[in-house]
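User: Please take me through this fold, one question at a time. Keep the answers short.

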Amino acid sequence: MSRPRHRAVIIGGGFAGLYAAKALRRAPVDLTVIDKRNFHLFQPLLYQVATGGLSPGDIAAPLRAALRRQRNTEVVLGEVTDLDVTNRKVLLSDGSALDYDSLILATGARHSYFDHPEWEAKAPGLKTIEDATEIRRRILYAFEAAERSASTAERQEWLTFVIIGAGPTGVELAGAIGEIANRTLREEFRRIRPEEAHILLLDASPRVLPVYPEDLSHKAERSLIRLGVRTRSGVRVAGINDTGVTIHTGQSEEHITTHTIFWAAGVQASSMGRILANRTSVPLDRASRVMVSPDLTIPGHPEIFAVGDLAHLEHDGKPVPGVAPAAMQMGRYAARAILARINGSPAPGPFRYVGKGNLAVIGRAAAVADFGAIHISGYLAWLAWLFIHLMYIVGFQNRVLVFIQWGFHYFTFHRGARLITGK
Ligand SMILES: Cc1cc2nc3c(=O)[nH]c(=O)nc-3n(C[C@H](O)[C@H](O)[C@H](O)COP(=O)(O)OP(=O)(O)OC[C@H]3O[C@@H](n4cnc5c(N)ncnc54)[C@H](O)[C@@H]3O)c2cc1C
């Protein structure tokens, strides 16, 4: 009697899960990819949806379509709520269960509000398509409300935008709002001048893009200033309520009155980290990421891998960063390790992250790029950003659509997806 095929299950169809699945396309396994959404989301371009530059469908690809040619792969739309590691079962919210021989956990991360979950409703973060359309609604609605304001003070409140967190997402969001105010909406209103908007980018660090080299941080800041963004470093958020945000600046406290606040400050691993810790006693870091072994498995469970934003691994004395290339590399590595076991070949050596550099875009035709010894900024960095993002968007149609829209946007400043939707 022939032995049953090896059953591999991947939870999460983000960068890590999708690249792991693709690396197993010719493997002699029965592979199941489970995701609570039916699409792979290209998160690096979420801010473009949030600012009306692209539509949600441009940056998402149905998982079934992305994996349709993989005969050994089944896609399941479902939310995983628990694991039975003794009997090797994945448990779903609809009460069903899936057996596995190897399991790859790739459920990513979400926002952290530093023990203030109540801030989320007032200051949404950017992680999902719904977050992006909600942020888009708030930005566009603020200009509409300002136009109909009864007093100067009220208008000022609506025209004040606060972004908390000056990492790449905060910088990109602030730059794009600056561009909307100064270029896109120009001449569209009759009572307000959108270019009078106050766009504030706050961070506790002494400079924007704190993980970038200092010269690039300064260049990014200059580009932001050109777009009308005011950066304030060394400030801590003390409170967020209906009237705005309260900040600590050294010894003093200040309240910024606004209706429009966005959160781009903290990251926390998905709840799967906690579930895994409860079931296996694997330690978690402060952001609830799973402390994996150098081969990305869980101590005592060589059949379970945790990869991408969910995993914490020290590499060259620093944690592997929570970026898309790291997630892809981890996903591919886990797939290679599973294949080696099935084939009885030696396991790959410990996971090694190959850094691809860091890129952040600040409006149209301006970006900063840190490629280790090489730092570039301005138009050249923007072209590099454009090329790399187009290369990695999943789906040929998306690539073409995004390219055309960027071309149009570049020459006209037009943003075609300026829809106010939702409540
Ligand atoms: C706004 C933003 C901008 C970014 N910009 C960049 C950038 O410019 N460059 C860069 O390199 N990186 C960027 N990143 C980071 C990058 O997107 C992440 O590092 C990467 O997505 C991590 O991949 P992942 O597969 O670990 O997780 P994700 O891509 O988040 O995928 C996780 C998947 O798991 C699914 N899932 C979660 N829980 C469950 C569950 N219980 N059951 C079933 N499915 C589940 C989710 O639906 C999702 O599809 C950005 C991130 C954000 C949010």
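The questions below go from the overall chain to its core and sheets.

User: What kind of model is this, and how many helices and strands does the protein chain have?

Analyst: This is a predicted model. Its protein chain holds 11 helices and 27 strands.

User: What radius of gyration does the protein chain have, and what would a compact globule have?

Analyst: The chain has 423 residues, and a compact globule with that many would have a radius of gyration near 22 Å. Along the principal axes, the C-alpha atoms fill a box of roughly 80 × 50 × 45 Å. The radius of gyration agrees with the globule value: the chain has 23 Å.

User: What share of the residues counts as buried, and what share of the contacts with a separation of 6 or more comes from residues 24 or more positions apart?

Analyst: Of the 423 residues, the buried share is 45%. Among contacts with a separation of 6 or more, residues 24 or more positions apart account for 62%.

User: How far apart are the C-alpha centres of domain 1 and domain 2?

Analyst: The domain assignment gives domain 1 as 6-36 + 78-108 + 270-343. Domain 2 is 115-265. Their C-alpha centres are separated by 36 Å.

User: Which helix gives the most residues to the largest nonpolar core?

Analyst: That core has 129 residues, and Ala20, Leu105, Ile164, Leu296, Ala306 and Val307 touch the most other members. The biggest contribution, 10 residues, comes from residues 324-343, helix H9.

User: Which domains each supply at least three residues to this core?

Analyst: The core has 129 residues. At least three of them are drawn from each of two domains: domain 1 and domain 2.

User: Which residues does Val307 contact, leaving aside neighbours within four places in sequence?

Analyst: Val307 is among the core residues that touch the most other members. So are Ala20 and Leu296, and both are in contact with Val307. The full set is Ala16, Ala20, Ile104, Ala106, Leu296, Ala327, Met330, Gly331 and Ala334.

User: Which residue in E21 stands opposite Leu105?

Analyst: Strand E9 (residues 102-105) runs parallel to strand E21 (residues 301-306), with 3 bridges between them. Leu105 has as its opposite number in E21 Ala306.

User: Which residue in the turn of the E20-E21 hairpin has a positive phi?

Analyst: Strand E20 (residues 297-298) pairs with E21 in the antiparallel sense over 2 bridges. Thr297 stands opposite Phe305. The hairpin has 2 residues between its strands, and the one with a positive phi of about 85° is Gly300.

User: Why is one side of strand E13 and of strand E17 left without a neighbour in the sheet?

Analyst: The sheet is open, with 4 strands in the order E13-E12-E11-E17 and parallel pairing. Strand E13 (229-233) and strand E17 (260-263) stand at its edges, so each has a single partner strand. Neighbouring strands are turned against each other, direction ignored, by an average of 20°.

User: Which residue in E13 stands opposite Ile199?

Analyst: Strand E12 (residues 198-203) pairs with E13 in the parallel sense, over 5 bridges. Ile199 stands opposite Val229.

User: Which helix packs on the E25-E26-E27 sheet?

Analyst: This open sheet has 3 strands with antiparallel pairing. Its edge strands are E25 (358-361) and E27 (374-377). The helix touches E25, E26 and E27, and its direction makes about 75° with that of E26. It spans residues 379-392 and is H10.

User: Which residue is the bridge partner of Ala360 in E26?

Analyst: E25 and E26 (residues 367-371) pair over 4 antiparallel bridges. The partner of Ala360 is Val368.

Methods. Residues numbered from 1 in each chain as written. Predicted model: local features only at pLDDT ≥ 70, side-chain atom pairs only at ≥ 80, totals over all residues. Core = buried A, V, L, I, M, F, W, Y, C linked by C-beta atoms within 7 Å. Buried ≥ 20, exposed ≤ 12 C-beta atoms within 10 Å, placed from the backbone. Domains from an automatic or database assignment. Contact = placed C-beta atoms within 7 Å. Pairing = 2+ DSSP bridges. Axes fitted to C-alpha atoms, helices over the stretch in contact; angles between N-to-C directions. Rg over C-alpha atoms; globule rule 2.2 N^0.38 Å.
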